[in-house]
Amino acid sequence: MGFIQKQYVVMKIIKHYQEEGQGSEVVQGVLLGLVVDDRLEITNCFPFPQHTEDDADFDEVQYQMEMMRSLRHVNIDHLHVGWYQSTFYGSFVSRALLDSQFSYQHAIEESVVLIYDPIKTAQGSLSLKAYRLTPKLMEICKEKDFTPEGLKKASIGFENMFEEVPIVIKNSHLINVLMWELEDKSTVADKHELLNLSSSNHLEKSLQLLMDRVDDMSQEIVKYNTYSRNLSKQQQQKHQYLQRRQQENAQRQSRGEAPLPEEDISKLFKPPQPPPRMDSLLIAGQINNYCQNVKEFTSQNLGKLFMAEALQGQN
């Protein structure tokens with residue numbers, strides 16, 4: 001499925017973050033549009049209002065319904081086709097995003113989540129990516145079977161949890177004329193920002209977030225190892241109990257006594273609860289996303305360094 005987005009929508013998303021996003025604070029909103037053939041066209045959007053814990057009476061669903069009803073009254077596309085969210089250094093792979101996207105995609109099959117990265121955009125290249133849950137993950141979420149056995153049976157890994165949808169941004173002719181005029185009026189100094197060789201802050205923050213997720217993954221591994229040891233220990237105890245039971249029954253039989261009554265082993269030895277596998281998959285997916293971001297950033301920076309070295313050699 002293709003994905004077409006209007007420049008007007010992109011500008012509204014960027015404006016929403018600039019007005020309400022502060023540092024690592026996430027802003028979210030609703031995408032509106034329609035499905036045309038095999039394409040999903042996003043023609044409008046509106047933000048979720050920021051509200052605090054004091055706004056206990058705020059009904060987010062009712063707010064969305066009223067907004068779409070108002071847009072329909074003024075003859076603007078009002079069909080709900082997804083949502084958008086800003087990200088902080090590529091941090092968006094989480095259980096909250098998974099649950100939200102499942103709700104949207106389960107209700108409206110064509111729904112997407114649009115991830116906007118303001119930090120990458122500030123470096124000179126617009127960063128927008130659209131994602132959907134894969135069919136396999138949708139089935140797992142419907143069945144709510146997040147056990148290691150269920151995920152293994154469905155062949156779900158962090159690399160096939162989300163599928164990226166290609167994006168094409170369309171402008172009206174008037175917007176194209178405006179963009180050309182703005183480009184002509186932009187100063188030369190602004191254009192030179194793309195050649196800035198400073199990268200320590202961005203790379204340091206990305207690596208710090210990557211190390212935090214690696215620590216989280218280490219904790220998940222410790223949890224799973226503890227579960228494995230407890231399960232193995234319980235299996236040994238169960239085996240020893242059955243052996244003693246058989247020996248005692250053999251002795252009773254030799255004395256002409258009736259064997260001991262059968263007991264439900266599962267009640268005597270309740271298996272330990274396995275740790276949720278989905279959490280570790282999401283952490284692995286976020287680690288992979290951080291690695292991809294670092295790879296893209298360092299490759300661009302190395303290209304600029306080689307270019308600067310060549311220019312310096314010519315001078």
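The following dialogue examines how several descriptions of this predicted model are justified.

Trainee: How do you know how much confidence the predictor places in the protein chain?

Mentor: The mean pLDDT of the protein chain is 81, and 86% of its residues reach 70 or more. Among the elements of the chain, strand β5 has the highest mean pLDDT, 94, and helix α8 (residues 188-192) the lowest, 50. Where pLDDT is low, the predicted coordinates should not be read in detail.

Trainee: Why is strand β5 described as largely enclosed?

Mentor: Strand β5 spans residues 112-116, and five of its five residues are buried, so the rest of the structure largely encloses it. Buried means under 20% relative accessible area. Both faces are covered, with V112, L114 and Y116 on one side and V113 and I115 on the other. In a regular strand the side chains alternate between the two faces of the sheet.

Trainee: What makes β4 and β5 a pair, and in which sense do they pair?

Mentor: Two strands pair if there are at least two bridges between them. Strand β4 (residues 79-86) and β5 share five bridges, and the sense is parallel. The requirement is therefore met. Among the partners, Y84 is bridged to L114 in β5, and G82 to V112. Between the two strands the chain passes through helix α3 (residues 95-107), and this β-α-β crossover is right-handed.

Trainee: Which strand pairs with β5 in the antiparallel sense?

Mentor: That strand is β6 (residues 128-133), which is joined to β5 by four bridges. Within this pairing, V113 stands opposite Y131 in β6.

Trainee: What joins strand β2 to β4, and how covered is β4?

Mentor: Six bridges join β2 (residues 28-36) to β4, and the two strands run antiparallel. G33 stands opposite L79 in β4. As for cover, seven of the eight residues of β4 are buried, so the strand is described as mostly covered.

Trainee: Why is the contact between E41 and R39 called a salt bridge?

Mentor: A salt bridge requires a side-chain nitrogen of Lys or Arg within 4 Å of a carboxyl oxygen of Asp or Glu. The N to O distance between R39 and E41 is 3.3 Å, so the contact qualifies. Side chains of opposite charge can pair when their charged atoms come close. E41 has a relative accessible area of 16% and is therefore buried, whereas R39, at 27%, counts as partly exposed.

Trainee: How do you know that R132 and E163 form a salt bridge, and which parts of the chain do they link?

Mentor: Their closest N and O atoms are 3.5 Å apart, and the limit is 4 Å, so the pair is accepted. This pair links distant parts of the chain, since R132 lies in strand β6 and E163 in strand β7 (residues 162-165), 31 residues apart. R132 is buried at a relative accessible area of 12%. E163, at 31%, is partly exposed.

Trainee: What makes E220 and K223 a salt bridge, and where do they lie?

Mentor: The closest N and O atoms of E220 and K223 are 3.7 Å apart, which is within the 4 Å limit, so this contact also qualifies. Both residues lie in helix α9 (residues 200-254), three residues apart, or about one turn of the helix. E220 is buried, with a relative accessible area of 12%, while K223 is partly exposed at 47%. Elsewhere, R95, D99 and D279 are joined into one network by salt bridges that share partners. A search of the whole structure finds nine salt bridges.

Trainee: Why is L209 called buried, and where is its place?

Mentor: Its relative accessible area is 12%, and the cut-off is under 20%, so L209 is buried. L209 belongs to helix α9. Its C-alpha atom is separated by 8.9 Å from that of I287, although the two residues are 78 residues apart along the chain.

Trainee: Why is L178 called partly exposed, and which residues share its nonpolar surface patch?

Mentor: L178 has a relative accessible area of 38%, which falls between the 20% and 50% cut-offs, so the residue is partly exposed. L178 is located in helix α7 (residues 173-185). Together with M179 and L182, L178 makes a nonpolar surface patch of about 260 Å². Patch residues must have over 30% relative accessible area, so L178 meets that condition at 38%.

Terms used:
Residues numbered from 1 in each chain as written. Predicted model: local features only at pLDDT ≥ 70, side-chain atom pairs only at ≥ 80, totals over all residues. Heavy atoms only, no water. Patch = residues over 30% accessible without salt bridge, like charges linked within 9 Å, V, L, I, M, F, W, Y side chains within 5 Å. Areas by Shrake-Rupley, 256 points an atom, 1.4 Å probe, with all protein chains shown as cover. Buried < 20%, exposed > 50% of the residue type's maximum accessible area, 1.4 Å probe, protein only. Right-handed = clockwise from strand over helix to strand, strands pointing away. pLDDT = per-residue confidence, 0-100.
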